[in-house]
Amino acid sequence: MTAKAPRAKTPRWAWALTGSGHYFTESIEIIRALQDVDLFVSDAADEVLRMYKQDKEPLPEQTQVFRDNSASSASIGRFYHGEYHTLVVSPASSNTVAKAVHGISDTLVTNCFAQAGKCRVPAIVFACDSMPEMITMAPEGPVPVYPRHIDLENTRRLKEFDATVVAETLDELRDAIARRRAELEALVPPPAA
């Protein structure tokens, strides 16, 4: 029996959305600017998309959207087939960060993070609860937020993970994505003359 050769595909960005509203709209704007991105949407993120009215604007045409609607997260198998070069989790709720730190992968997003690690796919995580005091934008306007000590500790611990960049601000997220883009571009051989 002859095995079929896998289809050659250019790896894409995998972007996982959680139910955090912190910089949710800005994360969607970055997704819209990226090319070759697939979106993994948790149940909570699906709710937040509607609350922030971000479900109305179109995503890039080639974007595939995977929702948290199967117990086995079948779409995660794409990580094992080399379909992704980078996972971005943004915004990452304190719940998602805590589960990632403790190795719990019981949602689409935490499963993405676990499988990316197992497949040596670098991850960029925009941890929302990273400062003792912050102002975040809710659908009705800005509100103060005071993350708990455990939330701040989990963000610190996530920084110790291999092949994981933790962004604590929107600028750090943008910088991490720009650095990863530059790394990827450096891997592409120049065209033959």
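In the predicted model, the largest pocket encloses about 280 Å³ of space. Its lining is formed by Thr10, Pro11, Arg12, Trp13, Gln35, Asp36, His85, Arg181, Leu184, Glu185, Leu187 and Val188. Two elements of secondary structure, the strand β1 (12–17) and the helix α6 (170–187), each contribute at least two residues to the lining of the largest pocket. Of the elements involved, α6 gives the most, with 4 residues. When the lining residues of the largest pocket are sorted by class, 5 are nonpolar, 3 are polar and 4 are charged. Pro11, Trp13, Leu184, Leu187 and Val188 are the nonpolar members of this lining, while Arg12, Asp36, Arg181 and Glu185 are the charged ones. The polar residues are Thr10, Gln35 and His85.

The second largest pocket has a volume of about 210 Å³. A total of 16 residues line this pocket, and those nearest its centre are Phe113, Ala114, Ala116, Gly117 and Phe161. Here the helices α3 (94–101) and α4 (108–118) each supply at least two residues of the lining. The largest share comes from α4, which provides 5 residues. By class, the lining of the second largest pocket comprises 9 nonpolar, 4 polar and 3 charged residues. Among the residues nearest the centre, Phe113, Ala114, Ala116 and Phe161 belong to the nonpolar class, whereas Gly117 is counted as polar.

Methods. Residues are numbered from 1 along each chain as its sequence is written. This is a predicted model: local features need pLDDT of at least 70, side-chain atom pairs count only at pLDDT 80 or more; totals for chains, interfaces and linings use all residues. Side-chain values use heavy atoms; hydrogens and water are left out. On a 1 Å grid over the protein atoms alone, a cavity is a set of points where a 1.4 Å probe fits but cannot get out, and a pocket is an open set with protein on both sides within 12 Å along at least five of seven lines; lining residues have an atom within 4 Å of a point. Grid points are joined across faces, edges and corners, and a volume is the space filled by probe spheres set on the points.
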